[in-house]
Amino acid sequence: MSTLVEIRNLHKRFPIHGDLLDRIRLKGGRLELREENVHAINGVDLTVNKGEALCIVGESGCGKSTVARTVMGLIEPSEGSVHYQGQRIDNLSPREMMSYRRRMQMIFQNPYASLNPRMSITETLEEPIRFHQSDLGKAEMKDKVAEVMQAVGVDPSWGKRFPHEFSGGQRQRISIARALIVDPEFIVADEPISALDVSIQAQVLNLMMDAQEQRGLTYLFITHDLSVVEHFGARVAVMYLGRICEVAPTRTLFAQPRHPYSQALLSAIPRLEDERPRFIRLQGEVPTPVNLPSGCVFHGRCPHANDRCRNEIPALRQVDDVQISCHAVEENRIASG
Amino acid sequence: MTTQSSPHEPLLNTADSRWQQFLDSHFWHSFKRDKVAIVSFSIFFLFILASLSAPLLAPMDPYDMTQFDLMDSELPPVWQEEGDSRFLFGTDAQGRDMWSTILYGTRLSLIIGVCAVMLQAFLGIVIGLSAGYFGGRVDSFLMRLADIQLSFSTLMVAIIFLAIFQAAFGAELYQDLAMVMLVLVIGIAEWPQYARTVRASVLAERKKEYVDAARVIGLGPIRIMFRHILPNTLSPVLVISTVQIANAIISEASLSFLGLGMPPSQPSLGSLIASGFEFIFSGAWWITIIPGIALILLVLVINLLGDWLRDVLNPKLYKG
């Protein structure tokens, strides 16, 4: 299986200090320039293989969406690089980026904000074609729009209508159509179903899986819903506070999570069983991403933490078909159940 | 949901359906319910109609010196005893028919007002869009410019500018260019109003995902700004435009009143009011009062329409 997208040692910091005047502080009789950043991503390494669906899971604020937006070039990484088929793409000029724009597309979280309210559906769908395939004739363009609308289950005769005339599920289908219309090979989906009604979620998921099968798509799927992961992803990456804890094939992860955070996360899935012997209750709260904990970011809440965890940042290591970053696993301190 | 109700019905002719859509809209319904809006709109419409058809309605051409006679000067309106049936609203000091002059003057005032606002809107929208979209230093720089511009009053800038122009290039050239100069001065002095409004809405729109979607497609910043963001910021622009037209008309009238606007040979409403001011105490009140009433009425109805439009376009103000 060949690698399509590779993320290497990605960092993203968002400054929260104000302008120059706000930053100046008097400390011990000396003027100092204060610098404060939100560390949204702290060294993420990830590879997406061609044809697979890689899910990123994690709680709110762990940097999932930032990873997605950095991969798409919507925000620039502070450090590290993004590679597409071996070619580095995070530092390209808009013109050089153009050929990659056609090959990678994005589906957004909120179907109520991701369509321009002043453009009809046809206009929205025709714009990418006009832009990327300007050699296409008018009739061909119309055919293409109709074909993609049909494929996502939206009646092509509704093209004259505006986004506010559609329901959330229909809008998300239109959003997917907009991503599919340039025939991409890689799609980043940033929580595409979390804003939808439960009854619609399955429909949209199935639509995305059908599209994957028919068009040979590769997905980077961001979600916080573990049941979706079980249904959708071939591999899962678990994130916590801007770092990758564990990357594993879906089945392996659900059968036997190894990282203490993955274990806690999976044990939190509600189940129809009276006894839940393995339910892990984590202590404390997620630390602030402004002042990151030293060593492993999870050490403050981890039941297996020791001095090494408090001082040394664990690297992502390959064990069998699982990548994991945990000292305790490496030293075999966790009794596997 | 309405979407599913009619996919199989034959599509109406687009013009018809647009019209139907308009009749069904909140816009039209609230207009029908609001008596003030209906009355203001009718009066405003009459003003526009009268000024557009001024050459047809006016019994004489106030710009043509050969058509009026000094013997007819300062005749009162027809309803007064000494009135002359040829002159509905009387005549001014040069024997010009007031009715014709007011028609032409309204036309000038409206043209200057609308053109100045178009210039303001153009500058303000371009500057506001760039400030809001690019943010950071560009934003700070452009908004400080706006602050500086706002710290001078429009009238002060206009008076200095027009006075210098008159002194430097002579009154004759000024007379020929008066209209263009007024449009430029009023237009340039008031752009920050637009820039600030547009910037504020752009800041809100820029964070929405459809803008990200456009960037993911690869569209350039100019195209995203004008094609995606601008259409979504137009309703506040529409509202301030009405207020700004009224303001521009008043500014023009004030400048003309101070002798820095339209020359007496091509009077706007403001210069008419000014020209009658000398005669008001000798009894010829109509030269000032009648154009004054026309000006007040025009500005009032535009402001009332603006108020109504603001209420309609701002959903937070829906009344019941």
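These are my notebook entries on what I looked up in a predicted model with chains A and B.

**Ground rules**

I number residues from 1 along each chain as its sequence is written, and chains are lettered from A and ligands numbered from 1 in the order in which they are written. Since the model is predicted, local features need pLDDT of at least 70 and side-chain atom pairs count only at pLDDT 80 or more, while totals for chains, interfaces and linings use all residues.

**Entry 1: chain B as a whole**

I looked up the elements of chain B and found 13 helices and zero strands. Here helices (H or I, at least four residues) and strands (E, at least two) are DSSP runs, numbered from the N terminus. The C-alpha atoms of chain B fill a box of roughly 75 × 55 × 35 Å, taken along the principal axes. Chain B has 320 residues, of which 40% count as buried. A residue is buried if 20 or more other C-beta atoms lie within 10 Å of its own, exposed if 12 or fewer, and partly exposed in between, with C-beta atoms placed from the backbone. I then took the contacts in chain B between residues at least 6 apart in sequence, and 69% of them join residues at least 24 apart. Two residues are in contact if their C-beta atoms, placed from the backbone, lie within 7 Å.

**Entry 2: where the chains touch**

I noted 27 residues from chain A and 18 residues from chain B in the contact. On the chain A side, helix 3 (94–103), strand 8 (104–107) and helix 4 (121–132) each supply at least two residues. Helix 3 of chain A gives the largest share of that side, four residues. By class, the chain A side divides into 14 nonpolar, six polar and seven charged residues. For these classes, Ala, Val, Leu, Ile, Met, Phe, Trp, Tyr, Cys and Pro count as nonpolar, Asp, Glu, Lys and Arg as charged, and the others, Gly among them, as polar.

**Entry 3: helix 9 of chain B**

I checked how covered helix 9 of chain B is, and eight of its nine residues are buried. Among them are B:Glu209, B:Tyr210, B:Asp212 and B:Ile217. The buried residues of helix 9 pack against helix 3, strand 8, helix 4 and helix 6 of chain A, and also against helix 8 and helix 10 of chain B. Just after helix 9 of chain B, I found B:Gly218 with a positive phi of about 110°.

**Entry 4: helix 8 of chain B**

I compared the length of helix 8 (residues 191–206) of chain B with what is expected: at 1.5 Å a residue its 16 residues should span 22 Å, and its end C-alpha atoms are 22 Å apart, which agrees. The expected span is 1.5 Å times one less than the number of residues. Buried residues in helix 8 of chain B include B:Trp191, B:Tyr194, B:Arg199 and B:Glu205. The helices of chain B that the buried residues of helix 8 pack against include helix 5 (98–134), helix 7 (154–189) and helix 11 (234–257).

**Entry 5: two helix pairs**

In chain A, I looked at helix 6 (residues 168–180) and helix 7 (residues 198–215), whose axes come within 10 Å and cross at roughly 15°. That makes helix 6 of chain A roughly parallel to helix 7 of chain A. Angles under 35 degrees count as roughly parallel, over 145 as roughly antiparallel, 65 to 115 as roughly perpendicular and the rest as oblique. Axes are lines fitted to C-alpha atoms, for helices over the stretch in contact, and angles run from 0 to 180 degrees between N-to-C directions.

In chain B, helix 7 and helix 11 pack at an angle of about 55°, with their axes 11 Å apart. That makes helix 7 of chain B oblique to helix 11 of chain B. The residues that meet include B:Leu155 and B:Leu162 in helix 7 of chain B, and B:Ala248 and B:Leu255 in helix 11 of chain B. The contact of these two helices of chain B divides into seven nonpolar, three polar and one charged residues.

**Entry 6: positive phi in chain A**

I noted A:Glu191, which has a positive phi of about 45° although it is not a glycine. A:Glu191 is in the loop between strand 9 (186–190) and helix 7 of chain A, and it is buried, with 20 other C-beta atoms within 10 Å. A:Asp320 is not a glycine but has a positive phi of about 55°. A:Asp320 is in the loop between strand 13 (317–319) and strand 14 (322–324) of chain A. With 10 C-beta neighbours inside 10 Å, A:Asp320 counts as exposed.
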